[in-house]
Amino acid sequence: MPNKPKGPVRRARKRYAAYVIRHRCAYCRRPFESLDAATLDHIMPRCLWPTWSANALALACLDCNRRKADRFPLLVALLLADRFPVHEPAPVFTTDRSSVTAS
């Protein structure tokens, strides 16, 4: 796994992410008072895509970063579900009680 960037490289990636999303959290869209309050989050979980490239990172507030943890963001999960559909039909549940008999 690539090493976590330190110092000026990390600050440059944080500034780039802040510029791209206009100094707001990528998930809740709240503005940051300063970049010190922002955290770098891996959009795709690091265990699946172990990279520290600027395109793989998003700026997030600490609460959103902790809530997301190592899961996919909803948008990515929906795009993957659309790209790789399940081939088996989902079971259908009804509320029809005509087939239920009392003993």
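Visitor: Let's start with Cys-61. Leaving aside its neighbours within four places in sequence, which residues is Cys-61 in contact with?

Guide: One thing to keep in mind is that this is a predicted model. With those close neighbours left out, Cys-61 is in contact with Cys-25, Cys-28, Arg-30, Phe-32, Ala-37 and Thr-39.

Visitor: Thr-39 is on that list. Where does Thr-39 lie?

Guide: You'll find Thr-39 in strand β1, which covers residues 38–42.

Visitor: And what is Thr-39 in contact with, once neighbours within four places in sequence are left aside?

Guide: The partners are Lys-14, Ala-58, Leu-59, Ala-60, Cys-61, Leu-62 and Asn-65. Asn-65 deserves a second look, as its side chain makes a polar contact with the side chain of Thr-39, at 2.8 Å.

Visitor: Is Thr-39 buried or exposed?

Guide: Buried means under 20% relative accessible area. Thr-39 has 18%, so it counts as buried.

Visitor: How do I read the way β1 and β2 go together? How many bridges join them?

Guide: Five bridges join β1 to β2, and the two strands run antiparallel. To trace one pairing, pick Leu-40: its bridge partner in β2 is Leu-59.

Visitor: How do I read the two faces of a strand?

Guide: In a regular strand the side chains alternate between the two faces of the sheet. Now try β2 here: Leu-57, Leu-59 and Cys-61 sit on one side, with Ala-58 and Ala-60 on the other. These residues are all buried, and both faces of β2 are covered.

Visitor: What does that say about β2 as a whole?

Guide: Five of its five residues are buried, so β2 is largely enclosed by the rest of the structure.

Visitor: Next, the nonpolar core. Which residues of the largest one touch the most other members?

Guide: A core is a group you can follow from one member to the next. The largest nonpolar core has 13 residues, and those touching the most other members are Cys-25, Phe-32, Leu-40, Leu-59 and Cys-61. As for where the members come from, α1 (7–20), β1 and β2 (57–61) each supply at least two residues of this core. β2 gives the most, with four residues.

Visitor: I keep seeing cysteines. How many disulfides does the structure hold?

Guide: Zero.

Visitor: Why is Cys-25 not bonded to the closest cysteine sulfur?

Guide: Look at the distance between the sulfurs. A disulfide needs them within 2.5 Å. The closest cysteine sulfur to that of Cys-25 is in Cys-28, 3.6 Å away, which is too far for a bond. Cys-64 is in no disulfide either: the nearest cysteine sulfur, that of Cys-61, is 3.4 Å away.

Visitor: Are Cys-25 and Cys-64 buried or exposed?

Guide: Cys-25 is buried, with a relative accessible area of 0%. Cys-64 counts as buried too, at 5% relative accessibility.

Visitor: How do I read a residue in a loop? Where is Pro-73, say?

Guide: First see what stands on either side. Pro-73 is in the loop between α2 (62–68) and α3 (74–83). At 12% relative accessibility, this proline counts as buried. Leaving aside neighbours within four places in sequence, Pro-73 is in contact with Tyr-27, Ile-43 and Lys-68. You can also look across to Pro-45: the two residues are 28 apart along the chain, and their C-alpha atoms are separated by 9.3 Å.

Visitor: What about backbone angles? Which value does phi of His-23 take?

Guide: Check the sign, then check which residue you're on. Phi of His-23 is near 55°, a positive value in a residue other than glycine. Arg-29 is another case, with a positive phi of about 70° although it is not a glycine. His-23 lies in the loop between α1 and β1, and that loop holds Arg-29 as well. His-23 is partly exposed at 42%, and Arg-29 counts as partly exposed at 40%.

Visitor: Let's zoom out. What does the secondary structure come to?

Guide: Three helices and two strands. Read along the sequence, they follow the pattern α-β-β-α-α.

Visitor: And how much of the protein is buried?

Guide: Buried residues make up 25% of its 103 residues. As for the outside, the protein exposes about 8400 Å², with carbon and sulfur atoms supplying 57% of it.

Definitions and conventions: Residues numbered from 1 in each chain as written. Predicted model: local features only at pLDDT ≥ 70, side-chain atom pairs only at ≥ 80, totals over all residues. Heavy atoms only, no water. Buried < 20%, exposed > 50% of the residue type's maximum accessible area, 1.4 Å probe, protein only. Polar contact = N/O pair within 3.5 Å; in protein donor to acceptor, adjacent residues only side chain to side chain. Contact = heavy atoms within 4.5 Å. Core = buried A, V, L, I, M, F, W, Y, C linked by side-chain atoms within 4.5 Å. Areas by Shrake-Rupley, 256 points an atom, 1.4 Å probe, with all protein chains shown as cover. Pairing = 2+ DSSP bridges.
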